[in-house]
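Colleague: I've got this model open and I'd like a close look at one part of it. Could you walk me through it in plain words?

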Amino acid sequence: MTLPKWLIQLIFRLLYYEMAWAYDLVAWLVSFGQWAAWRRTVVPYLRAGPLLDLAHGTGGLMADLAEMGLTPVGLDLSPYMGRIARRRLLRKRTVPRLVRGKAQHLPFRDGSFANIVMTFPAEFALERRTLMEAARVLQPQGRLVIVAMGYMRPVPVLRQLIQWAYALTTAHKVSEKDVLARIRAAGFAVHWEDAQWEGACARLLIATRDG
Ligand SMILES: C[S@@+](CC[C@H](N)C(=O)[O-])C[C@H]1O[C@@H](n2cnc3c(N)ncnc32)[C@H](O)[C@@H]1O
């Protein structure tokens, strides 16, 4: 079962814009407190060099990365998310390197980043334009790491609940094989990986730019 597309769009529109203040609480609730830990599963896959958090949301991952001594740049379409992320980074005494923009038209020069991370991105992530832009702003052999889904390995009932909630709110289902084909078509070598980090388990896409 899936909710009607208009309702899914309305829920996400509210969560990213007018109700962005509630985003962290909702993410915490639907993940049984695991959201931030799921996001951090990207860490072991990062390479040395500049990093872009594409669609940074409320900036939680950027704050975590800053605590690890990294200096991520963030981009998000929502000015509401931008404001929340900025406040969060300033509270952590971190310079907020934030840009408002569209993943499909990145305002960065070719080869600007060694890494791009996208955690729980919406449908825009697999659009051809987004993937071509990601390939353009990455350095040759640069990494695109996408957290697609989190797991509750020790508690199967919670895992089922999360998968049910995910299915309910996903309008366009794309098979794992088709996802790989789309990313490869944009000039990446890519594979799925079940990652574990600090006790959290998530399903990631690890893509490396050709060339
Ligand atoms: C599900 S949230 C994920 C936020 C964050 N990465 C996280 O893990 O919590 C999706 C984010 O994508 C942003 N977004 C939606 N469409 C976008 C686009 N075309 N370009 C850039 N950001 C976009 C939304 O504003 C929102 O912050």
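In which loop does arginine 93 lie? Please take your time over that spot, then show me how another spot compares and what else is around.

Modeller: Sure! One thing to keep in mind is that this is a predicted model. Arginine 93 sits in the loop between α5 (residues 79-91) and β3 (98-100). Have a look at its backbone: phi is positive, about 55 degrees, even though arginine 93 isn't a glycine. That's worth a second glance because most residues other than glycine have a negative phi. As for its surroundings, arginine 93 has 7 other C-beta atoms within 10 Å, and 12 or fewer counts as exposed, so arginine 93 is exposed.

Now for the other spot. Alanine 55 isn't a glycine either, and it has a positive phi of about 70 degrees. You'll find alanine 55 in a loop too, the one between β1 (51-54) and α4 (60-67). Its surroundings are another story: 22 other C-beta atoms lie within 10 Å of alanine 55, and the cut-off for buried is 20 or more, so this residue is buried. Alanine 55 also turns up at the ligand: 18 residues surround the ligand, and Ala55 is among the closest, along with Gly57, Ser78, Ala103 and Thr119. That shell is made up of 10 nonpolar, five polar and three charged residues.

There's one more positive phi to point out, in a hairpin. β6 and β7 form that hairpin with two residues between them, and glutamate 198 in the turn has a positive phi of about 50 degrees. The two strands run antiparallel and are joined by 10 bridges; one pair to look for is aspartate 194 with its bridge partner arginine 203 in β7. β7 also pairs with β5, again in the antiparallel sense, over eight bridges. There, glycine 150 stands opposite alanine 202 of β7.

Next, find helix α6 (128-137). Its buried residues include Leu131, Ala134 and Val137. The buried residues of α6 pack against β5, β6 and β7, as well as β4 (113-119) and α8 (176-185).

Finally, zoom out. The protein has eight helices and seven strands. Its radius of gyration is 16 Å, close to the 17 Å that the globule rule gives for 211 residues, so the protein is as compact as a globular protein of that length. Of those 211 residues, 35% count as buried.

Notes. Residues numbered from 1 in each chain as written. Predicted model: local features only at pLDDT ≥ 70, side-chain atom pairs only at ≥ 80, totals over all residues. Near = placed C-beta within 6 Å. Nonpolar A, V, L, I, M, F, W, Y, C, P; charged D, E, K, R; others polar. Helix = DSSP H or I, 4+ residues; strand = E, 2+ residues; numbered from the N terminus. Contact = placed C-beta atoms within 7 Å. Pairing = 2+ DSSP bridges. Rg over C-alpha atoms; globule rule 2.2 N^0.38 Å.
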